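Here is a short report on one protein chain. Look over the sequence and the fold first, then read on.

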Amino acid sequence: MDTDNKRGLAGMLWLGLLLLLVALLAGCAVANRFYVPPDLETAEIQGTPAAPAAPDRLSLTTWNVGYAGMGAESDFFLDLGTQRRPLSGALVDRNLAMIQDTLAGLDSDLFLLQEAARPSWVTYRRDVLGGLVTALPGYAWTFGPDVNTRFVPPPFNVQVGNATFSRVPLASAERRGLPLEPTFELGLFRKGYRMHIVRIDADRAWVIVNIHLSTFDSAEDDVRGAQVAALMEFAQAEYARGNHVVIGGDWNLRLAAVDFPHTSDERFEFWVRDFPEDALPEGWRFAIDRSVPTVRGAHAPYVAGENFTHIIDGFLVSPNVRVASVAASNLGFEFTDHHPVRVELVAR
């Protein structure tokens, strides 16, 4: 076969592969168009908790770990940056190791983590979720993806979501669907937002909800407003049953109007909105640390004093829960774009 024919055959093969990939991605878009998170599904609990019983006093930490790919050197294209994944697998390894060390020092009964990730193209096939499990021996855990590219073959598939860890025994775990955005990320998938719920069955029962709400909805769609309304409907029903309710996570809503100095252009804050105060029932309160920002602008790599910062991570507790203490860890956004928040709670 002469050179021109070989080149022509190679070109046809590449074209065939490209058409196959387009068909797979199109199939993914169609499949996800009709996919809505179930109203209620049981979640599998793995591992064995170390503590023998659930106390009246609980310590919890919430942290968006950014799939170990959002260190200070990173930006993100959906925030008007340029990067679609971390710059290298070595950075994922470094970030994950530092996340693991930090978790080990936070000493909490429960960890509510967001953006835990199974191996994928985005993490250079690193198992971030597995690394979190390794860092927390003696904890039972459950995981559910809110980003799940169905029907996309490896290495392009992605599973990123919420992981909840508990060293006290769990009675059950479940997921309940939250309102979804009307559009698809990159035209391929839509996040399956959920309440990730664990129940601690004790004399004073606890209901703990791990959340990561929408970021890029429009003011007209107001998906975040609908998600908050759904959360409060569930939470108040559980409180009416006598349970102690805690909702923790990445709200993607500003929980306190603290003016942290920065030099970012205001256009990069296009997604920032305040928590709707009228949605907060009487007696419910947020547990946040107003002295430490919990998220930084991801439109550019982090430089202290340049990127905007806000408080969007924390806990909402029912009236029968007392907040004994709350503190955010200021890590300088070195290896994630969020800071962990730890709270001590007491059942009334």
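## Confidence

pLDDT is the predictor's confidence in each residue, on a scale from 0 to 100. This is a predicted model. Its chain has a mean pLDDT of 87. A value of 70 or more is reached by 84% of the residues.

One stretch needs care. Over residues 3-36, pLDDT stays under 50. For this stretch the model has 27 contacts beyond four places in sequence.

## The cavity

How many cavities of 30 Å³ or more does the structure hold? There is one. The largest cavity encloses about 50 Å³ of space.

Its lining consists of Ala43, Thr142, Phe143, Gly144, Asn162, Thr164, Glu174, Arg175, His196, Ile197 and Val198. Four strands each give two or more residues to this lining: S4 (140-148), S5 (159-166), S6 (172-177) and S7 (194-200). Sorted by class, the lining has five polar, four nonpolar and two charged residues.

## Aspartate 109

Where does aspartate 109 lie? This residue is in the loop between helix H2 (89-106) and strand S3 (110-117).

Is aspartate 109 buried or exposed? Its relative accessible area is 11%, so it counts as buried, the cut-off being under 20%. Neighbours within four places in sequence aside, aspartate 109 is in contact with Arg57, Leu58 and Ser59. Tyr139 is also in contact with aspartate 109. So are Phe165, Ser166, Arg167 and Val168.

Key
Residues numbered from 1 in each chain as written. Predicted model: local features only at pLDDT ≥ 70, side-chain atom pairs only at ≥ 80, totals over all residues. Heavy atoms only, no water. Contact = heavy atoms within 4.5 Å. 1 Å grid on protein atoms, 1.4 Å probe; cavity = no way out; pocket = protein on both sides within 12 Å on 5 of 7 lines; lining within 4 Å. Points joined across faces, edges and corners; volume = space filled by probe spheres on them. Nonpolar A, V, L, I, M, F, W, Y, C, P; charged D, E, K, R; others polar. Buried < 20%, exposed > 50% of the residue type's maximum accessible area, 1.4 Å probe, protein only.
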